[in-house]
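Please open the structure in your viewer and keep the selection tool at hand. The stops below are to be visited in order.

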Amino acid sequence: MHPANHATYIQTFYTIQKMTDDEYLNSMSKIEIYCEILLGILRYIPVKNYQTEEDYKKILNQNLKFENTDDHLRLRACIDLTEDSQFAISEFYKNGLITTSNGHGEMYLRLYGVLNAVYLQMQSTIELIELFKVPYKKKIATELKALKIIDIRNKLGAHTPNYVNVIEQDKRKKESYRLGQSTISKWGNGLMIVSSHEVVEKFELVPLMNEFSIRIECYLDLISDKALKSLFPNSSEHKGWMEYRLNFVRNKKTLYNI
């Protein structure tokens, strides 16, 4: 561990020690708590009777009921991506699209950033669903991709000049989009997109973000619940630690800044 990171870890550790468990969890978003549960599953799954590092990886993934010997790394990557993208999303809920700058540059930077954070969080959630074999993966993935915020991300933050619009099953047309610069504001109220066919689309950013976050919380709950029941059938101190967090997050109100 890099010395600077180690110092940060030690400082965080002692800060947490001074807080009660509830105070600590209340300082986190719901999605961050779900990430802590998933990290606990990876950390506390029992691995015994291994001789080599390869044996350890093999037994670890078998006990996690994963298919491949490197899927534990895939799990860790998904946890980190979900948590990191949540930091960006939480920053939007706290400060919107602008903090101190008076120019449009910061607003565009934060708009593109939060839209792509949403997309990355969607992708990591779908991967977690696949890893833990949560039922109806295809249906869940389809529902997530159909959310309006994902459509907005594709039109504004990814495929802006070459968006493929599916009109019918076998008919597609390519369009381009532009954001009405005069409509961008701190909280994304009344944002306007204009297509190359002069079709105007208006939307409110915060409600679409809220809809997405609530949906992700729901799916992370399904994943955490299934993993705990499947992988930790017996009572233990570690299982109790994770169940406490699951019960806490289920009773925690979702409070967004807007």
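Begin by selecting D151 and K155, which both lie in helix α8, four residues apart, or about one turn of the helix. The model on display is a predicted one. Show the side chains of this pair: D151 and K155 meet in a salt bridge, at 3.1 Å from N to O. Both D151 and K155 are buried.

Remain in helix α8, which spans residues 148-157, and select R153. How far from R153 is the nearest side chain of opposite charge? That side chain belongs to D151 and is 9.9 Å away; R153 is buried yet has no salt bridge. Displaying the surroundings of R153 brings up L115, N116, Y119, A158 and H159, which R153 touches, residues up to four places away in sequence being left aside.

Next, select K57 and E53. Both are in helix α4 (residues 53-63), and they too are separated by four residues, about one turn of the helix. A salt bridge joins K57 to E53, with the closest N and O atoms 3.7 Å apart. K57 has a relative accessibility of 23% and therefore counts as partly exposed, while E53, at 56%, counts as exposed.

Now turn to a pair of helices. Select helix α5 (residues 71-95) together with helix α9 (residues 205-231); their axes come within 12 Å and cross at roughly 150°. Angles over 145 degrees count as roughly antiparallel, and α5 and α9 are therefore roughly antiparallel to each other. The crossing of α5 past α9 is left-handed. To view the contact, show T82, I89, F92 and Y93 on α5, and L205, V206, M209, N210, F212, S213 and L220 on α9.

Keep helix α9 in view and add R250 and D225. These two form a salt bridge whose closest N and O atoms are 3.2 Å apart. R250 lies in helix α10 (residues 237-251) and D225 in helix α9, so the pair ties together parts that are 25 residues apart in sequence. R250 is partly exposed, its relative accessible area being 39%.

For the last selection, take D71, R74, E127, E130 and K137. Salt bridges that share partners join these residues into one network. Across the model, the count comes to 23 salt bridges, among them the pairs D151 and K155, K57 and E53, and R250 and D225.

Definitions and conventions: Residues numbered from 1 in each chain as written. Predicted model: local features only at pLDDT ≥ 70, side-chain atom pairs only at ≥ 80, totals over all residues. Heavy atoms only, no water. Helix = DSSP H or I, 4+ residues; strand = E, 2+ residues; numbered from the N terminus. Buried < 20%, exposed > 50% of the residue type's maximum accessible area, 1.4 Å probe, protein only. Lys, Arg positive; Asp, Glu negative; His and termini not counted. Salt bridge = Lys/Arg side-chain N within 4 Å of Asp/Glu carboxyl O. Contact = heavy atoms within 4.5 Å. Axes fitted to C-alpha atoms, helices over the stretch in contact; angles between N-to-C directions. Parallel < 35°, antiparallel > 145°, perpendicular 65-115°, else oblique. Left-handed = near helix turned anticlockwise from the far one by under 90°.
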